Amino acid sequence: MHRLAALCCCAAFAVAGCQRAAAPAPVPAAAPAAASADEDQRAQARRIEADLRFLADDLLEGREAGTRGYDLAALYVAQRLRAMGVEPGGEDGGYFQTVPLLRAQRIDGGGAFRIERALGTVELRFREDYLPQLDFASGQAEVTAPAAFVGQAVDAPELEHDDFAGIDLRGKIAVFFNGAPERFDHDRRAFYSSTREKLAAVAQRGAVGAVMVATDAEEKRYPWTRSARQWDKPGMRLRGADGGALDAFPQLRVIAQVSAARAGAVLDAGDRNASELFRQARTGRLRGYDLPGTLSLAVRNRLEPAQSRNVVGRLPGREPALRGEHVAFTAHLDHLGIGAPVNGDAIYNGALDNALGVAVMLEAARQLQRSAAPRRRSLLFVALTGEEKGLLGAHWFAAHPTPAGAALVANVNMDMPVLLAPTTDAIPIGVEHSSLQAVLQRAAAQTGVTLSPDPMPEESIFIRSDQYAFIRQGVPAVYLIGGLSGSEAAKRQFGAFLRGDYHQPGDDASQPIQYADAARLARLNARIGEAIAGDAARPMWNRGDFFGEKFGKAAKP
């Protein structure tokens, strides 16, 4: 606690020192307003930097959900909200919302993967060849059954695509690839790429286990060795009132992942082989088939209850009829904690992912608290836990918003703004799905920001951050990330970060973070908040939108 207080004081003195050092030289009489605006923007950047440097400090040990490091980060965010005059928005009149969890952790060698066929038996090696997914039912399970390959486990009748055609999965282990056919439009490709949707689909068809096989293309983006290196990292699920895991599939007794290098051991049968299936996956020509013999899978891991906290601040609306409607600004506070050392560093600080997103949200909250713009609706600022464990804090909050009775009408999420070279734009992922598009265009014009399209729609990132939990509850949402235009350096830095430092210890405060660009994102967020809170109409899904049709009816009035 003493070190925490000391670091907070040091950050405050550093900001004060920067302000003195940056005092402007005398200027002509016509320039004070411009000079004042420039100094205000520099102060915004300094506050964001101070928040990031604390949240990404080694003291917090990577802010893994359910750890002391995360709790220190949550306390820091709550006190920052209190200091700037944002009222508590959590449970019992405080800034926190408890998120009940189950924590599971693999035991070394705690599993088995055996393939039995007419030509003999093959045993895959734990870590090197396969990893069992964590068992949240009892901590240990096993299954022996025949198996069937079901492509990418996608049934999209509206696109006349069914990977399960001609396959009876009852009592079998479903084997499939990740992703969805490239011919799908980006929205449906994102939805059907979700592992949750795949597991639900195979469980619904009577499968008793599941095996997800990595493809060669997948491992070029994220090598198997990275996953294997983190084999002992704990996983989490939300915990229900009965103590059991929520959003789990207990009928799938064992779920395992297999490396691309060992795909052939599972998939080769007759004239079918893994290399050809990889090619068919790229061209959308996969067809399911029954696999010969049986698969025997087992998993054993430690299982225990845990909990973490979302941090919630609130600016109440000023119009009684609309005050109960809330716009939720979100940024996940957690990261990966302590893990396998890389170049002697075992702390996964998560500076860009997502200390910077939280710092931007805090600066936007400060500006909105001071804003004189009309605010009919209420604004929430939520630092979420468990994003890295499966969007857990977001799913809990979206289903159980605080304060009690709050109606969520929009979500603006900030996650991993990779600002390592100067840019002139921002990228609003998913903005085209709802009336938020017009809101963002107006806010961008006010702040001098260019809005650029998603540079990687094939990666389906609209479903891979916390906004997806709100979307599943029928709430229109947008996911803001940093821009890429303005210089080729920004694109190079972005690519280098994803290849080298994403989810690695190198994502720390030593990176060349562009705090002026981060301050611009905060101003954009503030203008977005003003617009949604002040508009007469709440945001709406566009007519005929895929996500609106899929989930829009779930929205609470």
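At what angle do helix H10 and H15 pack, and how far apart are their axes? Keep that question in mind as you open the structure, which is a predicted model.

**Stop 1: H10 and H15**

Select residues 351-370 to light up helix H10, then add residues 515-534 for helix H15. H10 and H15 pack at an angle of about 50°, with axes 8 Å apart. The two are therefore oblique to each other. Look along the pair and you will find that H10 passes H15 in a right-handed crossing. From H10, the contact uses Leu356, Val360, Glu363, Ala364, Gln367 and Leu368. From H15 come Ala518, Leu521, Ala522, Arg523, Asn525, Ala526, Arg527, Gly529 and Glu530. Colour this contact by class and you get eight nonpolar, three polar and four charged residues.

**Stop 2: H12 meets H15**

Keep H15 on screen and select residues 436-447, which form helix H12. The axes of H12 and H15 come within 9 Å and cross at roughly 130°. That angle makes H12 oblique to H15. H12 passes H15 in a right-handed crossing. On the H12 side, show Leu436, Val439, Leu440, Arg442, Ala443, Ala444, Gln446 and Thr447. They meet Arg523, Leu524, Arg527, Ile528, Ala531 and Ile532 in H15. By class, this contact has nine nonpolar, two polar and three charged residues.

**Stop 3: The nonpolar cores**

In soluble globular proteins, nonpolar side chains tend to be buried together. Here, the largest nonpolar core has 98 residues. Which of them touch the most other members? Select Leu55, Val77, Leu81, Val311, Leu333, Phe381 and Phe547 to see them. Now centre the view on Phe547. Apart from neighbours within four places in sequence, Phe547 is in contact with Asp187, Phe191, His433, Phe462, Ile463, Tyr468, Ile471, Trp541 and Gly552. A second, separate core has 39 residues, including Leu277, Leu286, Leu297 and Val299.

**Stop 4: Helix H4**

Two of the contacts of Phe547, Asp187 and Phe191, lead to the next selection: helix H4, residues 186-193. How many of its eight residues are buried? Six are, so H4 is mostly covered. The buried ones are Asp187, Arg189, Ala190, Phe191, Tyr192 and Ser193. To see what covers them, show strand E6 (155-156), helix H5 (195-204), helix H13 (467-472) and helix H16 (546-551), which are among the covering elements.

**Stop 5: Three buried residues**

Begin with Asp51, in helix H2 (residues 32-55). Is Asp51 buried or exposed? With a relative accessible area of 2%, Asp51 is buried. Leaving out neighbours within four places in sequence, its contacts are Tyr76, Arg80, Ala359 and Leu362.

Next, pick His395 in helix H11 (residues 392-399). His395 counts as buried because its relative accessibility is 14%. Beyond four places in sequence, His395 is in contact with Arg196, Leu238, Gly390, Ala469 and Arg472.

Finish at Ala260, which sits in the loop between strand E11 (254-258) and helix H8 (263-267). Ala260 is also buried, with a relative accessible area of 14%. Try drawing a distance line to Ser275: the two C-alpha atoms are separated by 9.5 Å, with the residues 15 apart along the chain. Not counting residues up to four places away, Ala260 touches Ala214, Thr215, Asp216, Glu219 and Phe278.

Conventions
Residues numbered from 1 in each chain as written. Predicted model: local features only at pLDDT ≥ 70, side-chain atom pairs only at ≥ 80, totals over all residues. Heavy atoms only, no water. Axes fitted to C-alpha atoms, helices over the stretch in contact; angles between N-to-C directions. Helix = DSSP H or I, 4+ residues; strand = E, 2+ residues; numbered from the N terminus. Parallel < 35°, antiparallel > 145°, perpendicular 65-115°, else oblique. Left-handed = near helix turned anticlockwise from the far one by under 90°. Contact = heavy atoms within 4.5 Å. Nonpolar A, V, L, I, M, F, W, Y, C, P; charged D, E, K, R; others polar. Core = buried A, V, L, I, M, F, W, Y, C linked by side-chain atoms within 4.5 Å. Buried < 20%, exposed > 50% of the residue type's maximum accessible area, 1.4 Å probe, protein only.
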